[in-house]
Amino acid sequence: QVQLVESGGGLVQPGGSLRLSCVASGSIVSINTMGWYRQAPGKERELVAAITSGGSTNYADSVKGRFTISRDNVKNTVYLRMNSLKPEDTAVYYCNADILRIASVRSYDYWGQGTQVTVSS
């Protein structure tokens, strides 16, 4: 089996910073794209940022210049550094990864359980 476990969420004041981490574990052969999504109450889940195994990144327009995604391929970990946080960044943040498992012929999408980020004074 494969698990994604997020950490680093919490309550922060507007203008503050947080760093989210997500570790993938289990019977992993390789990990392709890793990303962060978020879902605010009453809204659909949306892509925040993604990073390929080679390090190419893309970001939602709403977070460009404020958030930075990175990964450690040795540790099977993806990070999201969030600066200049705004109340509209409040959401549950989910880690996502496209993973090839041992004895599998194709890769599959896996999701973490989510971590709450609340930006409020």
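Two aromatic rings of Phe, Tyr or Trp, the last taken by its six-membered ring, form a pair if their centres lie within 6.5 Å. By that rule, the structure above holds one aromatic pair. Please keep in mind as we walk through it that this is a predicted model.

Rings also take part in another kind of contact here, with arginine as the partner. The charged end of Arg-45 sits over the ring of Tyr-94, and the distance to the ring centre is 3.7 Å. A second case involves Arg-106, which lies over the face of Tyr-108 at 4.0 Å from the centre of that ring.

Let's turn to the strands. Strand β3 covers residues 18-26, and strand β1, residues 2-7, pairs with β3 in the antiparallel sense through six bridges. To find your place in this pairing, look for Glu-6, which stands opposite Cys-22 of β3. Strand β3 has another partner in strand β8, residues 77-82: these two run antiparallel and are joined by six bridges. Here a handy marker is Leu-18, whose bridge partner in β8 is Met-82.

From β8 the chain leads into the loop between β8 and β9, and in this loop we meet Asp-89. Is Asp-89 buried or exposed? Asp-89 counts as buried because its relative accessibility is 1%, and the cut-off for buried is under 20%. What, then, does its side chain meet? One neighbour is the backbone of Lys-86, whose nitrogen lies 2.8 Å from a polar atom of the Asp-89 side chain. The others are charged side chains, and they deserve a closer look.

Asp-89 forms a salt bridge with Arg-38, with the closest N and O atoms 3.0 Å apart. This pair links distant parts of the chain, as Asp-89 is in the loop between β8 and β9 while Arg-38 is in strand β4, 51 residues apart. Asp-89 also forms a salt bridge with Arg-66, and here the closest N and O atoms are 2.8 Å apart. Again distant parts of the chain are linked: Arg-66 belongs to the loop between β6 and β7, and 23 residues separate this arginine from Asp-89. Both Asp-89 and Arg-66 are buried.

Arg-38 has a further partner in Glu-46, and the side chains of these two meet in a salt bridge with an N to O distance of 2.7 Å. The two ends of this contact differ in their surroundings: Arg-38 counts as buried because its relative accessibility is 6%, whereas Glu-46 is partly exposed, with a relative accessible area of 35%. Put together, Arg-38, Glu-46, Arg-66 and Asp-89 are linked in a network of salt bridges. The structure as a whole holds four salt bridges.

Next to this network, another arginine makes a useful contrast. Arg-71 lies in strand β7, residues 67-72. Which side chain of opposite charge is nearest to Arg-71? That is Asp-72, at 8.2 Å, and Arg-71 is buried yet has no salt bridge. The side chain of Arg-71 does come up against backbone oxygens, though. A polar atom of this side chain lies 3.2 Å from the backbone oxygen of Ile-51, and the backbone oxygen of Thr-52 lies 3.1 Å from a polar atom of the Arg-71 side chain.

Strand β4, residues 28-39, is also the place of Gln-39. The C-alpha atoms of Gln-39 and Val-92 are separated by 5.3 Å, although the two are 53 residues apart along the chain. With a relative accessible area of 28%, Gln-39 is partly exposed.

Finally, two backbone angles may catch your eye. Ser-84 lies in the loop between β8 and β9, and its phi is near 50°, a positive value in a residue other than glycine. Its relative accessibility of 39% makes Ser-84 partly exposed. Ala-103 is not a glycine either, and has a positive phi of about 70°. You will find Ala-103 in the loop between β9 and β10, where it counts as exposed because its relative accessibility is 83%.

Conventions: Residues numbered from 1 in each chain as written. Predicted model: local features only at pLDDT ≥ 70, side-chain atom pairs only at ≥ 80, totals over all residues. Heavy atoms only, no water. Phe/Tyr/Trp six-rings, centres within 6.5 Å; stacked < 30°, edge-to-face > 60°. Lys NZ or Arg CZ within 6 Å of the ring centre and 35° of its normal. Pairing = 2+ DSSP bridges. Helix = DSSP H or I, 4+ residues; strand = E, 2+ residues; numbered from the N terminus. Buried < 20%, exposed > 50% of the residue type's maximum accessible area, 1.4 Å probe, protein only. Lys, Arg positive; Asp, Glu negative; His and termini not counted. Polar contact = N/O pair within 3.5 Å; in protein donor to acceptor, adjacent residues only side chain to side chain.
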